[in-house]
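Dear colleague,

I am passing on the structure below, and would be glad if you could read the notes that follow beside it.

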Amino acid sequence: MHSTAYPQAPASDQNPIAEFRAASKHYGEVVAADAISLSIMPGEFLSFLGPSGCGKTTALRMLAGFEAPTSGEMLLDGVRVNDLPPHKRPVNMVFQHYALFPHMNVADNISYGLRQQRPKPAAAFVAQKVAETLERVRLPGFDTRRIWEMSGGQQQRVALARALINQPKILLLDEPMAALDRKLRREMQIELQSLQRALGITFVLVTHDQEEALSMSDRICIMRAGRIVQIGAPRDLYDAPNSRYVADFVGKSNFFEGTLSSVSGLMGAVDLPTGPGRGRLGQDVAVGRKVSLSVRPEQIYLSPTGGAFAVQVRNRIFLGEHTEYLVNNPSLGDFLVLVSRQTEATLGAFDPGQDAFADWTPEAALILNND
Amino acid sequence: MRIYAAAVYLFLYIPIGIIALFSFSAGRNASEFAGFSLKWYGIALHNPFVVEALRTSFTVAASSAILAAVFGTMAALALQGMTGRIKVLFDALIYIAVMIPGIVIGISTLIAIVTVFGWLNPLIAAVWPWDGPAPQLAMGLGSLIAAHTLFNMALVIIIVRARIAGMDRSFTEASADLYATPFGTFRQITLPLILPGILAGFLLSFTFSFDDFIIAFFVAGANTTLPIYVFSSIRRGVTPEINAIGTMVLTLSLILLVTAQGFLQRKRKG
Ligand SMILES: Nc1ncnc2c1ncn2[C@@H]1O[C@H](COP(=O)(O)OP(=O)(O)OP(=O)(O)O)[C@@H](O)[C@H]1O
Ligand SMILES: [Mg+2]
């Protein structure tokens, strides 16, 4: 039915907990999701990563049941659920702006899901579950607080508790940390991750923050214009992006453009203005095509004495652990080099205006199509 | 400029102030103050015609406000689901309904009711199975309540729609996500969140109906509402009793309007 084969989760004898089978969502002319195929495995932490408008929220809303796919199929636990309304799905969502009910206090918000069960659970049971869950998200004693009497971080924990108390099969999170400041966001990321480990619930996170996706996920789906362009573990996406788009989106990269002149085995050579540049083949490329040599800033050496490319240091940004240099080669143009504190300790720091040499190994360079 | 503005307010409020002031006069002449007294309030409230008119006004105002609140809210919720041109059309029609002069509503409602009754009465007579004359539909409390409900519904729809529009869609989605059925979501989330709007619409409807003279004049039939009573007694001259009635109506209206405004201002609390 669908031709594109994506690398799937690590081999396991379990069945997927949720599946997209060539699921598309059209809003009139707009194609928000374009034949998405994906299997989500029980217990994994999966992220949808991509720029604004690429269809991340749409994918999540199809899982939650707020949108039915225009074509294709959605499966939960192997059962087709295209037309199953949200209130009948064993998944829960943490909304971007939390959507906490303003006319209820914290306890009533958290117990909302339990109180919808028929027959109604006993009040004592509900109260105990609420207390347990508040403990879990480190908000004990907040039961009777009103929603607007809490900080953004606390509201976020309540939203999390309100979803988790139902022990959903999948927890959906739509940019849950977008409204938090940097430090709080980092704390919540760590907390979410340990919660996920402790509960064993499948998490599906939507984010446009690559750091967040890289640090938390077991697998990441990189999306572009409604399509999934690559799925993989964070390290694989970083080390082996299958396109210039992914290389650019996940981490930082320098791209040196040129024509592919030769291919031998897994390696190739690109005609750069400075001469042939060798690198690993990152995707299907054809000799004679315009390609890019993608090199991560931390894979480039900077030396005061020798290297393949004579450069002049343009700018220096101190990043704590690392120093980021913007250097210029007359033929290659500007590119970034990341030097660790340790290297700097032996070689010394470079000053803006100073002449130096840059170099990298062919294994550190990746040849990708210009798209 | 400031003097001009002050003059406008003066001319606007001095007559009202004078009515309120003279309602406390002890004298029997409505235009000269003769010592403070509440006696005209007593006289007004002991006048059987006033009490009867007051009762009619309350019945009509309460019934039409309740009906308008219920059906107006239902209409507002239904309109929420609409999109595109139909929605624009309905919105426009509702605003126009509020702006149409009372006299036009009065006359057109009268004609419509008379026509429908003229058509229904022979029908009822024809199928009347018992001996004796069949009952005749006529102008009365029912037609007055119906006319006011119609106008008030437009008020309620406008107020409740504003409230719904200000409500985040994610609240109802979150409720559905947490296993609430569509009706459960309506009862536990939508209704509580739009309730202040419904109450404000109810109070404004009540005020409108209680104060309305023009529409009532056309469709009330033999019934006398308070404004109609005031109008007919003025023809025999303005007495301090009329001033007292006017002041009571004014006070009640102001209280209702301020309360309604209070509901509308209420943002987050439920
Ligand atoms: N209800 C809708 N009606 C019409 N178009 C929609 C609707 N919802 C989403 N879209 C469009 O579908 C595309 C994908 O939207 P989606 O919300 O999934 O993006 P996203 O990746 O979540 O973006 P963001 O990071 O900005 O939240 C966008 O072009 C958007 O304009
Ligand atoms: Mg989104």
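**The second largest pocket and a helix pair**

The second largest pocket lies between domain 1 (18-239) and domain 2 (252-369) of chain A, because both give residues to its lining; the domain bounds come from an automatic or database domain assignment. This is a predicted model, in which local features need pLDDT of at least 70 and side-chain atom pairs count only at pLDDT 80 or more, while totals for chains, interfaces and linings use all residues. Residues are numbered from 1 along each chain as its sequence is written, chains are lettered from A and ligands numbered from 1 in the order in which they are written, and side-chain values use heavy atoms, with hydrogens and water left out.

The space in this pocket comes to about 440 Å³ (a pocket is an open set of points on a 1 Å grid over the protein atoms alone, where a 1.4 Å probe fits, with protein on both sides within 12 Å along at least five of seven lines; lining residues have an atom within 4 Å of a point; the volume is the space filled by probe spheres set on the points, which are joined across faces, edges and corners). Of its 13 lining residues, Glu211(A), Tyr238(A), Gly251(A), Lys252(A) and Leu338(A) are the closest to the centre. Two or more lining residues come from each of α7 (210-216) and β17 (322-329) of chain A, and α7(A) gives the largest share, 4 residues (helices are DSSP runs of H or I of at least four residues, strands runs of E of at least two, numbered from the N terminus).

In chain B, helix α3 (residues 48-80) and helix α6 (residues 141-165) pack at an angle of about 40°, with their axes 6 Å apart (axes are lines fitted to C-alpha atoms over the stretch in contact, and angles run from 0 to 180 degrees between N-to-C directions).

With regards
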